[in-house]
Amino acid sequence: MDKLKGFRTLSAAERQMVAAATIERAVSAGKMLFSEGEPADGLWAVKDGLVHIVKFGPEGREIVLEVIPPGELFGAVAALESRAYPASAVAVEPSHVWCLPASLARDLCQKHPTLRSAILGQVTGRLRQAHDRLRSIALERVEQRLARMLLALAEKIGQRRGAMVELNVSRQELADMIGTTVETTIRITSKWQQAGIIASSRHRITLSDPEGLQKIVAIGPR
């Protein structure tokens, strides 16, 4: 945790304090790290693996608001403002996460305004993306939402293979991210695979034609 962006501005003694107070946890896929409404007693970060920030609808349907890759913080705003967590966090693959007591994070941020700015700067962009995702669910057609999500994931967690980008993501996870059914996601990805826009397997999608996805976002399904 003390090596993350922002924390590097602390003194050596303060970084040692952060390292001593930070708890590292190994978590399995599907493990809930915290639930919506719980007091935010920790500021979290992903060391390795992947975490989703999710909301659950009245019938238990899951919507993924944020995808947290290694090296990024989560639960930060609630921890710094002594509020309840506004959503839940779940590991979607075997992961290692760090948790720093919220009280220590608040004390350090009060002493070092640049640390608070760095932390909030990292999460602000993701909060904007979460807002845009909810707006997309309300206004865009499913194919546009799916194309937009694949492009966003490519930027965030994609592995480049020449002109193509590989994503370790399942169709069920994609369905949860854009607020649709897995059957609809399978139908759309199968059509795109036939068109040469993507190649897919059970837990992997390769973007063969990112420009094709950009066109879908811009003008709707083709």
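Two strands pair if DSSP finds at least two bridges between them. In this predicted model, strand β2 (residues 32-34) and strand β7 are joined by 2 bridges. The two strands run antiparallel. Within this pairing, M32 stands opposite V90 of β7.

Strand β7 also pairs with strand β4 (residues 51-56). Here the sense is again antiparallel, and the pairing extends over 4 bridges. One of the contacts places V54 as the bridge partner of S88 in β7. Strand β7 thus takes part in pairings with β2 and with β4.

The side chains of β7 (residues 88-91) were then examined by direction. S88 and V90 point one way from the strand. A89 and A91 point the other way. All four residues are buried. The residue that faces M32, V90, is therefore under 20% in relative accessible area, the cut-off for a buried residue.

Aromatic contacts form a second theme. The structure holds 4 aromatic pairs. Among them is the pair of W44 and F74. The ring centres of W44 and F74 are 5.9 Å apart, and the angle between the planes is 25°. This pair is stacked, because planes under 30 degrees apart count as such. The contact links distant parts of the chain. W44 belongs to strand β3 (residues 42-48), whereas F74 belongs to strand β6 (residues 73-74). The two residues are 30 residues apart. Both W44 and F74 are buried.

W44 and F74 are also members of a wider group. Together with F34 and Y85, these residues form one aromatic cluster.

Key:
Residues numbered from 1 in each chain as written. Predicted model: local features only at pLDDT ≥ 70, side-chain atom pairs only at ≥ 80, totals over all residues. Heavy atoms only, no water. Phe/Tyr/Trp six-rings, centres within 6.5 Å; stacked < 30°, edge-to-face > 60°. Buried < 20%, exposed > 50% of the residue type's maximum accessible area, 1.4 Å probe, protein only.
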